[in-house]
Amino acid sequence: MPLSQKGTELNSPAWLKQAIFYQIYPQSYYDANGDGIGDIPGIIQKLDYLQWLGINAVWINPCFVSPFRDAGYDVDDYYRIAPRYGTNRDLYRLCREAHRRGIKVCLDLVAGHTSIDHPWFKAYCSTRRNRYSDRYIWTPSAISDANTELSLIRGYYERDGNYVANCFYFQPALNYGFARPAAEQPWQQPIDAQGPLETRKELIKIMNYWLGHGVDGFRVDMAFSLVKMDPGHKETIKLWQDIGQKVRAHYPDMALMSEWGNPEESIAAGFDIDFILHFGVGGYTDLMLNKNCFFRRSGGANIAYFLKSYLELAAKTKGKGLISVPSGNHDIKRPRADGRMVSDLKVIFSFLLTWPGVPFIYYGDEIGMRYIPGLTSKEGGYDRTGSRTPMQWGDGPNAGFSIADKERLYLPLDPRQDRPTVERQARDSSSLLNHVRKLIALRKRSPALQADGALIPLQVENNHRHFAYLRQATGERFLIVLNPSAEPSQVRVHGIKPNNLASQICHGTKVRVEGEDLQVKLAGVSYGVFKL
Ligand code: GLC
Ligand code: CA
């Protein structure tokens, strides 16, 4: 089922075509001042590493002033870097230093809610009417029930009424209005009421502020959540179209990516990239997370489950925006979990880095850092905490993450003797890290493998556990074969006559020309990227 023979035209900033993103959880990346918590100067010190790896864009999890009840997804001041990470000047310097190395810097924009300590929220709580009284969504009475499916927090303040929480109780929903406010419920303000309009204006101001200081774009947290009771997210889509248009008028090269989990909606809303995730549509769980997902050695499913939903989304968004299949993120288990080994991760990365759209590598996945089960929750992490442990740089104390005493580290390190490190893997040409590095380099020099190169899936009958596909662009074609299963397999590709058959990156796969066909043999847990 060819998507397109020619590939698609990109309706996004040109730099996204070749972008290889890397997600940095700042508190766990590198601690430059020895207080046990990663920081922005620490990221600056590791830019050379990212450049060596071939990364050309980073997304940094929230780094603004916050009480960190949800790791920074509870902002107190959108205009100031959290002191534990450094200063605004450090961030500006990070942008300059990153740009010198050809790396773009994107921040995490928590657009839907603030912390309960934000001065706006404090003013909003007041019984005296003020300019923030409508900054958040309120219901009229703390005692009588409001007729709503929204999650209400009662009794937090003297002001009569409740506020709406987006996620945890301390994340009050900013007021962007309601799609269809009920006439008898005046607290449901229309999107063009003064309160919602002021919230929108403030969000634009925040974006302009950071873009003006060298930031290249934003990953927007819960981007779908802004307008309330909004079937099909129709009004939220219009809201983002408006915001995008206003900000792009000054910053046309800005990249906007959404945590939305439905590219059809988010790309219509003007986002350049949407992630497929553990919620929403797109089949990510069938690919990466389920017990019987495709990337399992045993008990895994055929690629068909993922592929069907992916291809539908790709067709709907073709030429309008891009889809990202991330290696993982701070909200889900790392790929190195549930018995997966480094050899399995090599198959996964062979897929991620030859797949259309924009690859995102979650820090540490490139060396196969483990999900650490059973950790005490930190900053609202709960079972996500095990995916947020300190980056493992080397074999020295604290794996080179920090010179602080072990007890002061943001989170404990992977306790295992054989924990993977950058230092060891950089030296080993057969390591996962060098595999990822080679794939990145190949993608960067091969338009067929980039965001909008055509994707042509081959042979995906239900009984097969392997997956083969072509990627192509003008004058260039690749065959990719993957077998995540422990069982050997074979693929016969009809009617493809290779000009020459150059194996780029492979392990356990053999290709032979047989008449009009290509015969591919795949050992258990194998991959091959061939230039045809
Ligand atoms: C997003 C973030 C997550 C956070 C939540 C609330 O899902 O990725 O980490 O807890 O939003 O802001
Ligand atoms: Ca620090």
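Modeller: Before we look at any loop, helices (H or I, at least four residues) and strands (E, at least two) are DSSP runs, numbered from the N terminus. The model before you is a predicted one, in which local features need pLDDT of at least 70 and side-chain atom pairs count only at pLDDT 80 or more, while totals for chains, interfaces and linings use all residues. Residues are numbered from 1 along each chain as its sequence is written, chains are lettered from A and ligands numbered from 1 in the order in which they are written, and side-chain values use heavy atoms, with hydrogens and water left out.

Colleague: Where does T385 lie, and why is T385 called buried?

Modeller: T385 is found in the loop between β13 and α11. A residue is called buried under 20% relative accessible area, exposed over 50% and partly exposed in between, using a 1.4 Å probe and protein chains only. T385 has 1% relative accessibility, and therefore counts as buried. Its C-alpha atom is separated by 7.9 Å from that of I372, although the two residues are 13 apart along the chain.

Colleague: What makes A399 unusual in its phi, and where is A399 placed?

Modeller: Most residues other than glycine have a negative phi. A399 is not a glycine, yet its phi is positive, at about 50 degrees. Its place is in the loop between β13 (360-362) and α11 (422-427), and with 0% relative accessibility A399 counts as buried. V525 also has a positive phi of about 50 degrees without being a glycine, but the place of V525 is in strand β19, where its relative accessible area of 9% makes it buried.

Colleague: How do you know how many disulfides there are in the whole structure?

Modeller: A disulfide is a covalent bond between the sulfur atoms of two cysteines. Here a disulfide is taken as a pair of cysteine sulfur atoms within 2.5 Å, and a search of the whole structure finds zero of them. For C63, the nearest cysteine sulfur is that of C95, 9.4 Å away, and C63 is in no disulfide. C125 is likewise in no disulfide, with the nearest cysteine sulfur, that of C167, 19 Å away. As for accessibility, C63 is buried at a relative accessible area of 1%, and C125 counts as buried at 13%.

Colleague: What makes a residue part of the shell around ligand 1, and which residues come nearest?

Modeller: A residue is near a molecule or strand if one of its heavy atoms lies within 4 Å of it. There are 13 residues around ligand 1, of which D70, D221, E259, H330 and D331 come nearest. This shell divides into three nonpolar, three polar and seven charged residues, where Ala, Val, Leu, Ile, Met, Phe, Trp, Tyr, Cys and Pro count as nonpolar, Asp, Glu, Lys and Arg as charged, and the others, Gly among them, as polar.

Colleague: Why do H113, H330 and D331 count as making polar contacts with ligand 1?

Modeller: A polar contact is a pair of N or O atoms within 3.5 Å; within protein, one must also be able to donate a hydrogen and the other to accept it, and residues adjacent in sequence count only if both atoms are side-chain atoms. An N or O atom in the side chain of H113 is 2.9 Å from an oxygen atom of ligand 1, a polar side-chain atom of H330 lies 2.8 Å from a ligand oxygen, and for the side chain of D331 the distance is 2.5 Å. Taken alone, ligand 1 exposes 310 Å², and the protein buries 94% of that; such areas come from the Shrake-Rupley method with a 1.4 Å probe, and for residues only the protein chains shown count as cover.

Colleague: How do you know that β14 and β15 pair?

Modeller: Two strands pair if DSSP finds at least two bridges between them. β14 and β15 have five bridges and run in the antiparallel sense, with P457 opposite Y469 in β15. Strand β15 (residues 467-473) is joined to β16 by seven bridges, again antiparallel, and A473 stands opposite E476 in β16.

Colleague: Why is strand β14 described as largely enclosed?

Modeller: Five of the five residues of β14 (residues 454-458) are buried, so the rest of the structure largely encloses this strand. A454, I456 and L458 point one way, while L455 and P457 point the other way.
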